[in-house]
Amino acid sequence: MASPQHDLVAYTCDAKRCLTWFIRSAGRSFKMEIPYDVVVDSRFANVSPGIGSATFNLERPPTFFMESLARPQGEEPARFWQVC
């Protein structure tokens, strides 16, 4: 799932067994991961044609990340996800 501007992207990853959301706002990138094992309950409802609402009840908070830029001396900058 993605917004038209791709400032919000959500997907499931069976290999990592988690739900992941990527959020881009004001030039910054953020990520939220929810392991399948912490999902206690989930519901989906159709709101209108082409639009739905997903609700997840979790047994603990998701993990949040912010994209950062490392600048090793003499090397190209590298992007990485930092837990926040």
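Q: Is Trp21 buried or exposed?
A: Burial is read from relative accessible area: buried means under 20%, exposed over 50%, partly exposed in between, with a 1.4 Å probe and protein chains only. Trp21 has a relative accessible area of 18% and is buried. The model is predicted: local features need pLDDT of at least 70, side-chain atom pairs count only at pLDDT 80 or more, and totals for chains, interfaces and linings use all residues. Residues are numbered from 1 along each chain as its sequence is written, and side-chain values use heavy atoms, with hydrogens and water left out.

Q: Which strands and helices does the chain have?
A: Helices (H or I, at least four residues) and strands (E, at least two) are DSSP runs, numbered from the N terminus. The chain has seven strands and zero helices.

Q: How many aromatic pairs are there?
A: Rings of Phe, Tyr and Trp (its six-membered ring) pair if their centres lie within 6.5 Å; planes under 30 degrees apart are stacked, over 60 edge-to-face, and the rest tilted. The count is three aromatic pairs. One of them, Trp21 with Phe56, is edge-to-face, at 6.0 Å centre to centre and 75° between the planes.

Q: Which parts does the pair of Trp21 and Phe56 tie together?
A: Trp21 lies in strand β2 (residues 18-25) and Phe56 in strand β5 (residues 51-58), so the pair ties together parts 35 residues apart in sequence. Phe56 is partly exposed, at 31% relative accessibility.

Q: What is the geometry of the pair formed by Phe22 and Trp81?
A: This pair is tilted, with 5.8 Å centre to centre and 45° between the planes. Phe22 and Trp81 also belong to one aromatic cluster with Tyr11.
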